[in-house]
Amino acid sequence: MKNYIKIKNIKIGEGVPKICVPLIGMNKEEFLCNAKKLKDKKLDLVEVRIDYLDKVEDLDCVKDLIKKIRNILKEIPIIFTFRTIKEGGKKEISLQYYKKLNIEVAKSGYVDLIDIELFIGDDIVKQIVDKAHNANVKVIISNHDFSKTPDKEEIVKRLCKMQNLNADLPKIAVMPKSIKDVFTLIYATYIMVDKYPKTPVITISMSKIGAITRIAGETFGSAITFGALDVSSAPGQIDVDKLYNILEILHNVK
């Protein structure tokens with residue numbers, strides 16, 4: 001039986017995949033405006049994609065923004081993410097600042113999870129994970145491949161490595177070139193749930209071809225799915241209201 005992680009009153013890895021909506025904005029005002037739009041939506045988590053922020057290298061500005069977002073979202077769990085350019089993000093920062101940014105935000109008390117990229121380097125990943133866990137913040141370790149879908153053995157290998165680096169939630173998102181690639185991702189997800197159930201996992205096949213993986217997590221084993229508010233942050237994201245309705249229909253099929 002696979003494990004789940006509990007954040008506030010949400011059990012991630014149990015039942016219907018939890019809906020997460022990325023929160024983006026070019027500046028603090030846009031972030032806060034969009035946060036207000038999210039607070040009454042049917043969702044489970046919000047991912048603050050801080051790489052969109054114009055003043056992301058101003059740590060005081062970032063922490064002030066996160067505090068204000070927390071005040072708006074109240075008890076909705078928050079994931080803090082700086083996505084690098086090579087994995088689909090909007091900006092590049094130094095590795096030193098990447099580490100400091102994630103550690104300081106984890107210690108701030110305003111977020112529930114942080115997302116760390118697997119290939120940022122094992123030493124940096126371990127340091128951030130340790131500091132986050134010391135602050136009682138959960139960690140997603142992630143990998144995003146926008147060019148291809150690796151074979152199932154490689155997908156499983158990466159997810160297992162994330163587990164070995166003490167991820168609470170391993171995550172992989174890949175780009176399909178064919179329906180076969182979508183099956184590859186689904187099969188790798190099944191292998192993780194069946195053979196390596198140490199943690200829940202998040203697996204996504206991007207683009208229109210892979211949309212099935214965003215709605216079928218309860219069947220195949222992916223614990224979180226990502227929906228869009230007004231603008232998607234990755235190819236294939238479904239509008240959050242439509243996504244909620246689809247998941248409800250699938251869950252209630254007799």
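**Exercise 1. The buried side of α5**

Find which residues of helix α5 are buried in this predicted model, and state what they pack against.

*Solution.* Begin with burial, for which the cut-off is a relative accessible area under 20%. In the predicted model, the residues of α5 that are buried are I155, V156, R158, L159, C160, M162 and Q163. The next step is to look at what surrounds them: the buried residues of α5 pack against β7 (138-145), β8 (169-174), α6 and β9 (202-205). When reading such a list, it helps to recall that an α-helix has 3.6 residues a turn, so residues three or four places apart point the same way.

**Exercise 2. The span of α5 and what follows the helix**

Compare the expected and actual span of α5, and describe the backbone of the residue N166 that follows this helix.

*Solution.* The expected span is 1.5 Å times one less than the number of residues. Because α5 has 13 residues, the helix should span 18 Å, and its end C-alpha atoms are indeed 18 Å apart, which agrees. Moving past the end of the helix, α5 is followed by N166, which has a positive phi of about 70° although N166 is not a glycine. This residue is found in the loop between α5 and β8, and with a relative accessible area of 40% N166 is partly exposed.

**Exercise 3. How α5 packs on α6**

Describe the packing of α5 and α6 by angle, distance, handedness and contacting residues.

*Solution.* Two packed helices are described by the angle between their axes and the distance between the axes. For helix α5 (residues 152-164) and helix α6 (residues 179-195), the angle is about 40° and the axes are 9 Å apart. Angles under 35 degrees count as roughly parallel, and α5 and α6 are therefore oblique to each other. Their crossing is right-handed. In the contact itself, K152, I155, V156, L159, C160 and Q163 of α5 meet T184, L185, Y187, A188, I191 and M192 of α6. Sorted by class, the residues of this contact divide into 9 nonpolar, 2 polar and 1 charged.

**Exercise 4. The partner helix α6 and its residue T184**

Which residues of α6 are buried, what covers them, and which residues does T184 touch?

*Solution.* Start with the length of the helix: α6 has 17 residues and reaches 24 Å from its first C-alpha to its last, close to the 24 Å expected at 1.5 Å a residue. Its buried residues are D181, V182, T184, L185, I186, A188, T189, I191 and M192, and what covers them includes α5, β8, β9, α7 (212-215) and α8. Now take T184 as a single case: its relative accessible area is 18%, and T184 is therefore buried. Leaving out residues up to four places away in sequence, T184 touches T149, P150, D151, K152 and I155.

**Exercise 5. Two packings that involve α3**

Work out how α3 packs with α2 and with α4, giving the geometry and the contacting residues for each pair.

*Solution.* Take α2 and α3 to begin with. Helix α2 (residues 59-73) and helix α3 (residues 95-108) pack at an angle of about 35°, with their axes 11 Å apart, and α2 passes α3 in a right-handed crossing. The residues that meet are L59, V62 and K63 in α2 and Y97, K100, L101, E104 and V105 in α3; by class, this contact has 5 nonpolar, no polar and 3 charged residues.

Turn next to α3 and helix α4 (residues 122-134), whose axes come within 9 Å and cross at roughly 15°. These two helices are therefore roughly parallel to each other, and their crossing is right-handed. Here L95, Y98, K99, N102, I103 and A106 in α3 meet I124, Q127, I128, K131 and A132 in α4, and the contact has 7 nonpolar, 2 polar and 2 charged residues.

**Exercise 6. Buried or exposed?**

Decide whether T219 and S222 are buried or exposed, and place each of them in the structure.

*Solution.* T219 lies in helix α8 (residues 217-220). Its relative accessible area is 65%, so T219 is exposed. S222 is found in the loop between α8 and β10 (224-228), and at 7% relative accessibility S222 counts as buried. A last step is to list its surroundings: not counting residues up to four places away in sequence, S222 touches P17, T189, V201, I202, T203 and G217. The C-alpha atoms of S222 and K18 are separated by 9.3 Å, although these residues are 204 residues apart along the chain.

Technical notes. Residues numbered from 1 in each chain as written. Predicted model: local features only at pLDDT ≥ 70, side-chain atom pairs only at ≥ 80, totals over all residues. Heavy atoms only, no water. Axes fitted to C-alpha atoms, helices over the stretch in contact; angles between N-to-C directions. Helix = DSSP H or I, 4+ residues; strand = E, 2+ residues; numbered from the N terminus. Parallel < 35°, antiparallel > 145°, perpendicular 65-115°, else oblique. Left-handed = near helix turned anticlockwise from the far one by under 90°. Contact = heavy atoms within 4.5 Å. Nonpolar A, V, L, I, M, F, W, Y, C, P; charged D, E, K, R; others polar. Buried < 20%, exposed > 50% of the residue type's maximum accessible area, 1.4 Å probe, protein only.
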